[in-house]
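Q: I've got a model open and I'd like to learn how to read it, one feature at a time. Can we start with the empty space inside?

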Amino acid sequence: MIIRGDEPEQVRLLRKLYKPGNYFMQGNEAVAYGALFAGCRFYAGYPITPSSEIAETMARELPKLHGYYLQMEDEIASIAAMIGASWTGFKVMTATAGPGFSLMQENLGYAVMTETPLVLVDVQRSGPSTGQATKGAQGDFFQARWGTHGDHPIVALSPTSGQDAFWETIRAFNIAERLRTPVVVLFDGILAHTRELVKIPDVDDVEITYRKLPANEEEARLPFGDPHGDGVPPMPLFGHGYFTHVTGSTHKENGLRDVYTPEVHDRLVRRIHRKIEKNREVYERYEEHFTDDAEILVVSWGVTARPALGAVLRAREEGIKAGLFVPKTVHPFPGERMRELGKRARAILVPEMNLGQMILEVERYVNDDVLLKGINKIGGVPLTVEEILREIRGVA
Amino acid sequence: MPEIYSRYPMVKYLRKEALPTALCPGCGGGTVLNAFANAIDQLKLDPRDLVVVSGIGCSAWIASPYFLADTLHTTHGRAIAFATGVKVGLPDKKVVVISGDGDLASIGGNHLLHAARRNIDITVILVNNFIYGMTGGQVAPTTPFGAKTTTTPYRNIEHPLKISETIAAAGASYVARWTTAHVYQLIESIKKALTVKGFSLVEVISQCPVQFGRRNKMKEPAEMLRWFLKNSVPVSKARNMSEEELEGKFIIGELVNRKRPEFTEELNKLIDEVQEHFGLKEV
């Protein structure tokens, strides 16, 4: 049994096609190349601004790597095809934007329930509804977390640059494979279309993970069991004679449906939660700048983390003790670290391109005596260093 | 009761731990499962070479979980889209979708059309019982004009979708329609559908005495089967009949059987060409 993408042939092709070095490319292209280096060999998608260049790059590059690009009839079909392909052993990805992400939510829940590894890139644009289709935003923070129904965990990452998008996409695949779960990458329309320097590494410098496969017949018969105690069942792939049954309904360890026994549902859904909670080291990641002695802490994510860093650097020049905390994995939120940092800060500022979303997560981890303030801008234009600096000065 | 299982030769194709089935007595679903198992048996297909995908509803249960193969029970209406990913991943396996008319032709109508257009090598067995059975007997896009359902308590004023004709026009390689009263013909058509390279659809008009028959003066399964037999018109005969004469009739037989380039073959051919063009083939 193999996961397609890890054959020596693939390494040879990657090395031949993409010479290590500096490239000038769009964030969307960086996402696509990250996926190719991570071993993604199946992409099903539906074009939508501002994500389309990801599909276009995959359509152009995948066949060179023996990979498959499918343009499906809609977003629902796209994520459905990905799930089907993932069960045959492909590393799979799709990319979309807000409205498409909404359409994918039901099957995102299906992927959570059936523990299907996949990577879903949401290039956030302005909303609600069609909103400003061509503009960037950060309004899908909670759609990633709570978009689908039921109790479910989710892992969502948020890159802050083109270079970061390359590596974070690889990380998304590694988490998806390691934990047998869907992973959302919350990108945005601004970084997606910004051209900047992206360094492509040598294939050998990219560490990649593959899903756990059943070690024997017994493990293969329990596609939803927990033989290794880490909450992550080995995944018996289709086509290998295991007669695997996969359903989005509540199922027992052997995959067969049982929607009437409360314990079966409880056991399944709690394990799916547990495997995410207990494996924090697999996905938790954040960046810190000047947080050691920060009295004013800026907490920001994605595209906004960049002007936020500029503002913090300028504030430091002015002698203000400002620091920056950037959760790179935004779900589950790095709450423990946030709590520690929150204890030391006098004021916390949360700039984001929405009317206040991540600030609600931050609020859960800080005490009432801290001044907590959002810096919110909508309309499709990113926050500037000046705008954030002005607020830092205001609380200094 | 193991002695009952031992008397049914097709039991080797069933997931015994999932039995008995959840289907109502007199349901046509059992006939479809039996016909499918017999087709697999007659073609001597190894169930290890099969992946069966289904959506939501009674008919989705026919093969998933009851048929012993890799089975993917998906979200409502999306079975064909899931199956598309499976087929691209396993082009040498037989990928079969078994689901109902509500699932495949209503919420999933778009995927059905586009899979036929794409001509991907998937076999779809669409069980048409004119009704949403599992969810309580509501009107479906296949409910006959004038019929009564729980959501058309006075009468249905919408016209039913001609599924097979639509999918034949959309570009499928093989399309056939039978009823559960034509079991042997049905088995032959499923066998052909499984052998044809390209998208194939077998529509099975099937009885739902509980949700449809009961509200339309056919509460016994046999009454529904007699209704099918009385109103079935072979496709050759139907060609010379007017639309008025065909009103309320079931056109049975093969509607389409043709060769067209198939999607997964074309996809792999394209990849080969690209590899050749960029000099990526191992020398």
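A: Sure. This is a predicted model, so keep that in mind as we go. Let's begin with what surrounds the largest cavity: its lining is made up of B:Lys87, B:Lys93, B:Lys94, B:Val95, B:Asp121, B:Thr123 and B:Leu194.

Q: What volume does the largest cavity have, and how many cavities of 30 Å³ or more turn up in the whole structure?

A: The volume is about 40 Å³. Searching the whole structure for cavities of 30 Å³ or more gives one.

Q: Next, helices. How do I work out which way a helix faces?

A: Start with the general idea: an α-helix has 3.6 residues a turn, so residues three or four places apart point the same way. Now try helix 8 of chain B, residues 221-231, where the buried residues are B:Met224, B:Trp227, B:Phe228 and B:Asn231. Looking down the axis of helix 8 of chain B, these buried residues fall within an arc of 100°, so they line one face of the helix.

Q: Which exposed residues sit on the face of helix 8 of chain B turned away from its buried side?

A: B:Arg226 and B:Lys230. As for the buried residues of helix 8 of chain B, their cover includes strand 7, strand 8, strand 9 (232-234) and strand 10 of chain B.

Q: Can I have another helix for practice?

A: Take helix 6 of chain B, residues 163-170, with B:Ile163, B:Ser164, B:Ile167 and B:Ala168 buried. Down the axis of helix 6 of chain B, the buried residues fall within an arc of 130°, so they too line one face of their helix.

Q: What do the buried residues of helix 6 of chain B pack against?

A: Both helices and strands of chain B: helix 4 (101-107), helix 5 (109-118), strand 4 (122-128), strand 7 (174-179), strand 8 (200-205) and strand 10 (250-257). Have a look at what follows helix 6 of chain B as well: B:Gly171, with a positive phi near 120°.

Q: On to aromatics. How do I describe two rings?

A: A pair of aromatic rings is described by the distance of the centres and the angle of the planes. Over all chains, the count is 25 aromatic pairs. In one of them, A:Tyr18 and A:Phe37, the ring centres are 6.0 Å apart and the planes are at 45°, so the pair is tilted. This pair links distant parts of the chain, 19 residues apart: A:Tyr18 is in the loop between helix 1 (8-17) and strand 1 (21-26) of chain A, while A:Phe37 belongs to helix 2 (residues 27-38) of chain A. Both A:Tyr18 and A:Phe37 are buried.

Q: Which residues do ring pairs link into a cluster with A:Tyr18 and A:Phe37?

A: A:Tyr33, A:Phe166 and A:Trp167 are linked into that cluster with A:Tyr18 and A:Phe37.

Q: And charges over rings?

A: For these, find the charged end of the side chain and see how far it is from the ring centre. The charged end of A:Lys91 sits over the ring of A:Tyr210, 4.1 Å from the centre. A:Arg145 lies over the face of A:Trp146, with 3.9 Å to the ring centre.

Q: Last one: is A:Glu284 buried, partly exposed or exposed?

A: Partly exposed, since its relative accessible area is 27%. A:Glu284 is in the loop between helix 11 (280-283) and strand 10 (286-289) of chain A. Leaving aside neighbours within four places in sequence, A:Glu284 is in contact with A:Thr329, A:Phe333 and A:Pro334.

How values were computed. Residues are numbered from 1 along each chain as its sequence is written. Chains are lettered from A and ligands numbered from 1 in the order in which they are written. This is a predicted model: local features need pLDDT of at least 70, side-chain atom pairs count only at pLDDT 80 or more; totals for chains, interfaces and linings use all residues. Side-chain values use heavy atoms; hydrogens and water are left out. Buried means under 20% relative accessible area, exposed over 50%, partly exposed in between (1.4 Å probe, protein chains only). Helices (H or I, at least four residues) and strands (E, at least two) are DSSP runs, numbered from the N terminus. The arc is that of the directions from the helix axis to the C-beta atoms. Contact means heavy atoms within 4.5 Å. Rings of Phe, Tyr and Trp (its six-membered ring) pair if their centres lie within 6.5 Å; planes under 30 degrees apart count as stacked, over 60 as edge-to-face and the rest as tilted. A charge sits over a ring if NZ of Lys or CZ of Arg is within 6 Å of the ring centre and within 35 degrees of the ring normal. On a 1 Å grid over the protein atoms alone, a cavity is a set of points where a 1.4 Å probe fits but cannot get out, and a pocket is an open set with protein on both sides within 12 Å along at least five of seven lines; lining residues have an atom within 4 Å of a point. Grid points are joined across faces, edges and corners, and a volume is the space filled by probe spheres set on the points.
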